[in-house]
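Visitor: I'd like to go through this one label by label. Could you show it to me and then defend each term you use?

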Amino acid sequence: MLVRTMSEAIKTQILLNKDFDLSYFLEANESEIAYWGAKQDINLSLFMDTEGILSPHAVPDIFRAISPRIAMNNRIIHRNFRATPQFLVTGLRTGAMLESMQTWVSNVSSMTQGAVSYASAASDAGNFMKQTVLTSPAISDNKIYQVYKAPGDNLSRAAIIDFVYKPLYIVEEITNSVKRTFVKSRTAIEVCAPHAIGVVNVSGLDTFLGVAPQLP
């Protein structure tokens, strides 16, 4: 049981390390993504006045303003790459809100009354409803990346490639007189098709989602 627990802990840490690497390379390629036109910005704090009143007065309605940016990026990426991203990669809190929006819009769309405006806006969201939301604590809640995955791991159509050439190795570091031992996997992540990736930078999230917990 102890060996199994340690194995799961090592596996979890390696996956988290990969997430941090992916986050780093995605953010490092944002200038290239912007060059291809698939970078959008939105400030949600504009929806709250000095009295602390939301307008619109529901958080999902405010988050709905994000879907047109996602739709615009989807169309730009399709123009550049002839394919639409299948995944939305973001932080834990933003991911939870996006998933809630997809579920809520799906339920509203099945109604017969009072659903026209929201459902029609969702249907125009450039496949937003069909995209899979992936979350990680390594990704900032202020970032929503749209990532395309090639079918059948076709390298000629891959946007991001993860090369693994040394499964496990141990690193010991001393920080502030504290010795730490890390088990890592030697890999190389490469963003090889930035024109198949989009990003929506969302500012003002703390107003609606609270302060994100800090990783240890």
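Guide: Happy to, starting with Tyr35, which is exposed, with a relative accessible area of 65%. Bear in mind that this is a predicted model.

Visitor: What makes Tyr35 exposed?

Guide: Exposed needs a relative accessible area over 50%. Tyr35 comes out at 65%, so the label holds.

Visitor: And why is Trp36 called partly exposed?

Guide: Its relative accessible area is 30%. Buried would need a value under 20% and exposed one over 50%, so Trp36 falls in between.

Visitor: How do you know that Phe81 and Tyr148 form an aromatic pair, and what makes it edge-to-face?

Guide: The ring centres of Phe81 and Tyr148 are 5.2 Å apart, and the limit for a pair is 6.5 Å. The angle between the planes is 65 degrees; edge-to-face means over 60, so this pair qualifies. A search of the whole structure turns up three aromatic pairs. Tyr35 and Trp36 make up one of them, also edge-to-face, with 5.7 Å between centres and 85 degrees between planes.

Visitor: Where in the chain do Phe81 and Tyr148 sit?

Guide: Phe81 belongs to helix α4 (residues 66-81), while Tyr148 is in the loop between β4 (143-147) and β5 (160-175). That is 67 residues apart, and the pair links distant parts of the chain. Both residues are buried. Phe81 has another partner too: the charged end of Arg157 sits over its ring, 4.0 Å from the centre.

Visitor: How do you know that the length of α4 agrees with what a helix should span?

Guide: At 1.5 Å a residue, the 16 residues of α4 should span 22 Å. The C-alpha atoms at its ends are 22 Å apart, so the two values agree. Just after α4, Arg82 takes a positive phi of about 60 degrees.

Visitor: Which residues of α4 are buried, and what covers them?

Guide: The buried ones are Ile66, Ser67, Ile70, Ala71, Asn73, Asn74, Ile76, Ile77 and Phe81. Their cover includes β1 (39-43), α3 (59-63), β2 (87-90), β4 and β7 (197-203). As background, an α-helix has 3.6 residues a turn, so residues three or four places apart point the same way.

Visitor: What makes Gln146 buried?

Guide: The cut-off is under 20%, and Gln146 has a relative accessible area of 0%, so it is buried. Gln146 lies in strand β4. Setting aside neighbours within four places in sequence, its contacts include Ile70, Asn73, Asn74 and Ile77, as well as Ile197 and Gly198.

Visitor: Why is the link between Gln146 and Asn74 called a polar contact?

Guide: Their side chains are joined at 2.7 Å, and the distance limit is 3.5 Å, so the separation fits the term. A polar atom of the Gln146 side chain also lies 3.0 Å from the backbone oxygen of Ile70.

Visitor: Back to α2 (residues 30-35): why is Glu32 partly exposed?

Guide: Glu32 has a relative accessible area of 33%, which is between the 20% and 50% cut-offs, so partly exposed is right. Glu32 and Ile197 are 165 residues apart in sequence, yet 9.7 Å apart in space, C-alpha to C-alpha.

Visitor: How many helices and strands are there, and what share of the chain is buried?

Guide: There are seven helices and seven strands. Buried residues make up 36% of the 216 in the chain.

Technical notes. Residues are numbered from 1 along each chain as its sequence is written. This is a predicted model: local features need pLDDT of at least 70, side-chain atom pairs count only at pLDDT 80 or more; totals for chains, interfaces and linings use all residues. Side-chain values use heavy atoms; hydrogens and water are left out. Rings of Phe, Tyr and Trp (its six-membered ring) pair if their centres lie within 6.5 Å; planes under 30 degrees apart count as stacked, over 60 as edge-to-face and the rest as tilted. Buried means under 20% relative accessible area, exposed over 50%, partly exposed in between (1.4 Å probe, protein chains only). Helices (H or I, at least four residues) and strands (E, at least two) are DSSP runs, numbered from the N terminus. A charge sits over a ring if NZ of Lys or CZ of Arg is within 6 Å of the ring centre and within 35 degrees of the ring normal. The expected span of a helix is 1.5 Å times one less than its number of residues. Contact means heavy atoms within 4.5 Å. A polar contact is a pair of N or O atoms within 3.5 Å; within protein, one must be able to donate a hydrogen and the other to accept it, and residues adjacent in sequence count only if both atoms are side-chain atoms.
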